[in-house]
Amino acid sequence: MRWISSLAAAAVALTASSAIAQTKIDFFFPVPVDGKLAKEMTRLTKLYNDSQKDVAVTGVYTGSYDETKLKAQAATAAGKPPAVVLMSANFVLDLKISGDIVSLEPQLKADGTTRTKFLDDFWPAVHANAIVDGELYAVPYQNSTPLLYYNKEHFKEAGLDPEKPPQTWAELVDAAKKLTKADRYGIALPEGYDYMGWIMEALSMSNGGRYFNEEYGGEVYYDTPSMLGAAQFVEDLVFKHKVMQQGVVEGGAVSSNFLAGKASMMLLSTGSLSFVRDSMKMPYGVAFVPRNVRNAVPIGGGSLVMFKGLSEEQKAAGWKFAKWLSSTENLGAWSRFTGYFSPRKSAYDTAEMKDFMAKNPDAKVALDQLPYAKPWFATYQTVAVRKALEDEMQAVLNGKKKAPQAVKDAQQAADALMKPYVEQTALKLP
Amino acid sequence: MVRKSTVIAGLMLVIVFFWSTPFLWTLVASFRPDNSGGIHMASLLPDFVPTWANFAEAFESGDFAVYYVNTAIVAFGILAIQIVTISLAGYAFARLDFPGRDFIFYVFLLQLMLVPPILIVPNLRTVVDLGLYGSLLGVMLPYFASAFGTFLMRQTFRQIPRDFEEAAFIDGAKWWQVLWHVLLPMAKPGLIAFALVSLMAHWNEFLWPLMVLNEPSKQTLTIGLASFALGTEGGKEWGLLAAGTLLVMFPLLALFAVFQRQFVNSFMFSGLKG
């Protein structure tokens, strides 16, 4: 019965769509920050559908970034590719290598524009994760960087100037020592999967490193002085300076500890800014991620990509929708709603945004850090290669391994994972 | 001198307490007013004036009425069909003689060894080919046959002495009448045990419905819950999470409370008298 009725419904829908030539597309989106975002995204999709008649978008909430990737790949394999997917920006390279997503260059050409012109309004830091092999594969949508959050009340109490947050690793350790008490740690880092890798990228970059080869997906720099220094720094925070909790602390627990006053400082995403702003009872401040060699942070967040196997109409419709989603106005509104920063520069020139920045000076710090932002690591088998380092770092945090051995083992594991790709590319010689 | 039974009862209470901590914590946290993840968040003691705020927020974050209906359709729909298929298949493997019966049965059992995720793409392809992508029927379809259920029913039927059926056959009953009037009533404990396992599994299932369903009006409870539980970059709103989790498990909990006696009996008195 149900089957027959749904068949009938499908038949009706088919005839209806051919009558007014409406193109139906699916849009998959994960919500890595907050459930209210799912509602907001659904509202945006509806707004778009009501605003025009050519394209009908079905907005589909698809769990985490990992599950979104899984669903998008499964749907594509089954012949139902989603036209637009909001995907973790560092999956773009991997998805291009596996042939799951399509180049957006034909769409740019149809619009009579070029990649350079299109990306001109986007912050330079987000370009690298959108381009693969010289072609545009993604439109940056929501972005973040790590940020140092600190409790001003604790600073005062420990005799530190609450308006002068630590700028270097030395100052960070010094402050953390003064802030640590019997029931309180000076600093907390998110150390679960995904977050750990990103934080290690921030620390190794602040130590002068690069983490990965931005131009080639087969190289990571784990067994290097810059990464060793970062890993040793993390180990020392726990075991030498005793200013950080031993063992692996997940991101959710880090923010809970910070809000509860159990940790005086934390490194966390700018994406958490709205949440901290709404929930923190004590006065807090935000600052750049402290440096050892230079100021540098990785970009994080998500971009819009299009999957293979779409009809020409669907491709055009998906591109239209992606452009609408990433318009100056919409990116600004999404940024104010979520706490992510807008990848479009022009979003910050709007009156609403200027008003918002004046009211929320902490968001300004996140924006000021942008000139120091670098690409997010992306390699062949990104997730596995990242986990190779994360597993070793978690062993360090648990006191089971020393930093020098950890970075060596991480490098070995990562090289083994990337070997098939390296043999097909850089080591494939005539 | 402490009596042995008192000691055992005391030990049992300790174990019960440990086993129920996650649930107790969820219960306490869901009614805790401050959901900022404060210092008391980890406490099991309800040291506050209870509030419905977390539940109100959970309801606001998701369309729970729709999720409940969809989840009920999926979980009970699967069970209804399964009861038919596993009874018939179980009967065939237990009682009918046909060439290759045991071999087919073992091949059937091999399905239990498969890890469900490897079937996602092939199953999804079938669902798309049948035009069921995005429908609740598409979610239910792969579960209409159950290797575990068939195995359970075969074992249950084999434990029933043949005398009962033979008496019925002598009276001129057909095989389906024997199955319906004689075997199924006696297999009730097995069916109830299977129903419990099947309902729990499909009520709580996440990955497969996530793969098949698209439209918000077709989503199930677990996907709705995940939309506000999976945040990684934001902070964890424990109170909201706890309230959402309770909303998801409440119907099953109520069902179990109502039918508790039958469930327990089904496990205890599955033997036959006489």
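Buried residues account for 34% of the 274 residues in chain B. Keep in mind as you look around that this is a predicted model.

## Chain B, helix after helix

Chain B has 14 helices and zero strands. Walk along its sequence and the pattern reads α-α-α-α-α-α-α-α-α-α-α-α-α-α. Take the contacts in chain B between residues at least 6 apart in sequence: 76% of them join residues at least 24 apart.

For a concrete case, try B:Val74, which sits in helix H3 (residues 64–95) of chain B. Is B:Val74 buried or exposed? B:Val74 has 24 other C-beta atoms within 10 Å, so it counts as buried. If you skip its neighbours within four places in sequence, B:Val74 is in contact with B:Leu136, B:Val139, B:Met140, B:His202 and B:Thr220. Look at that last partner again: B:Val74 and B:Thr220 are 146 residues apart in sequence, yet 8.6 Å apart in space, C-alpha to C-alpha.

Two helices of chain B are worth viewing as a pair. Packed helices are described by the angle between their axes and the distance between the axes. Here, the axes of helix H2 (residues 53–61) of chain B and helix H13 (residues 238–258) of chain B come within 8 Å and cross at roughly 70°. With that crossing angle, H2(B) is roughly perpendicular to H13(B). On the H2(B) side, the contact is made by B:Asn54, B:Phe55, B:Glu57 and B:Ala58. H13(B) brings B:Gly239, B:Leu240, B:Ala242, B:Ala243, B:Gly244 and B:Leu247. Sorted by class, the contact of H2(B) with H13(B) has six nonpolar, three polar and one charged residues.

## Chain A, two domains

Over in chain A, the chain is divided into domain 1 (2–144 + 300–374) and domain 2 (146–298 + 378–424). The C-alpha centres of domain 1 and domain 2 of chain A lie 29 Å apart. Their contact takes 25 residues from domain 1 of chain A and 25 residues from domain 2 of chain A.

Which elements supply the domain 1 side of chain A that touches domain 2 of chain A? Helix H4 (92–97), helix H16 (361–369) and strand S13 (373–374) of chain A each supply at least two residues of that side. H16(A) gives the most to it, with five residues. By class, the residues of this side of domain 1 of chain A divide into 13 nonpolar, eight polar and four charged.

## The five-stranded sheet of chain A

Five strands of chain A form an open sheet with mixed pairing, in the order S2-S1-S3-S12-S6. At the edges are strand S2 (55–61) and S6 of chain A, each pairing on one side only. Neighbouring strands of this sheet are turned by 20° against each other on average, direction ignored.

Two helices meet this sheet. Helix H13 (residues 312–325) of chain A packs on the sheet and touches S1, S2, S3, S6 and S12 of chain A, with its direction making about 50° with that of S1(A). Helix H3 (residues 65–77) of chain A lies across strand S1 (23–29) and S3 of chain A, running at about 140° to S3(A).

Strand S12 (residues 300–305) of chain A is mostly covered, with six of its six residues buried. In a regular strand the side chains alternate between the two faces of the sheet. In S12(A), A:Gly300, A:Gly302 and A:Leu304 point one way, while A:Gly301, A:Ser303 and A:Val305 point the other.

S12(A) has these partner strands:

| Partner of S12(A) | Sense | Bridges | One bridge pair |
|---|---|---|---|
| S3(A), residues 84–88 | antiparallel | four | A:Val85 with A:Val305 |
| S6(A), residues 139–144 | antiparallel | five | A:Asn143 with A:Gly301 |

Another bridge partner in S12(A) is A:Ser303, which goes with A:Pro140.

## The four-stranded sheet of chain A

Chain A also has an open sheet of four strands, ordered S8-S9-S7-S10, again with mixed pairing. Strand S8 (185–188) and strand S10 (284–287) of chain A stand at the edges with a single partner strand each, so one side of each has no neighbour in the sheet. The twist averages 20° from one strand to the next.

Inside this sheet, strand S7 (residues 146–151) and strand S9 (residues 263–269) of chain A pair in the antiparallel sense over five bridges. A:Pro146 stands opposite A:Ser269 in S9(A). Helix H8 (residues 169–179) of chain A lies across S8 and S9 of chain A, running at about 130° to S8(A).

Notes. Residues numbered from 1 in each chain as written. Chains lettered and ligands numbered in written order. Predicted model: local features only at pLDDT ≥ 70, side-chain atom pairs only at ≥ 80, totals over all residues. Axes fitted to C-alpha atoms, helices over the stretch in contact; angles between N-to-C directions. Parallel < 35°, antiparallel > 145°, perpendicular 65-115°, else oblique. Contact = placed C-beta atoms within 7 Å. Nonpolar A, V, L, I, M, F, W, Y, C, P; charged D, E, K, R; others polar. Buried ≥ 20, exposed ≤ 12 C-beta atoms within 10 Å, placed from the backbone. Pairing = 2+ DSSP bridges. Domains from an automatic or database assignment.
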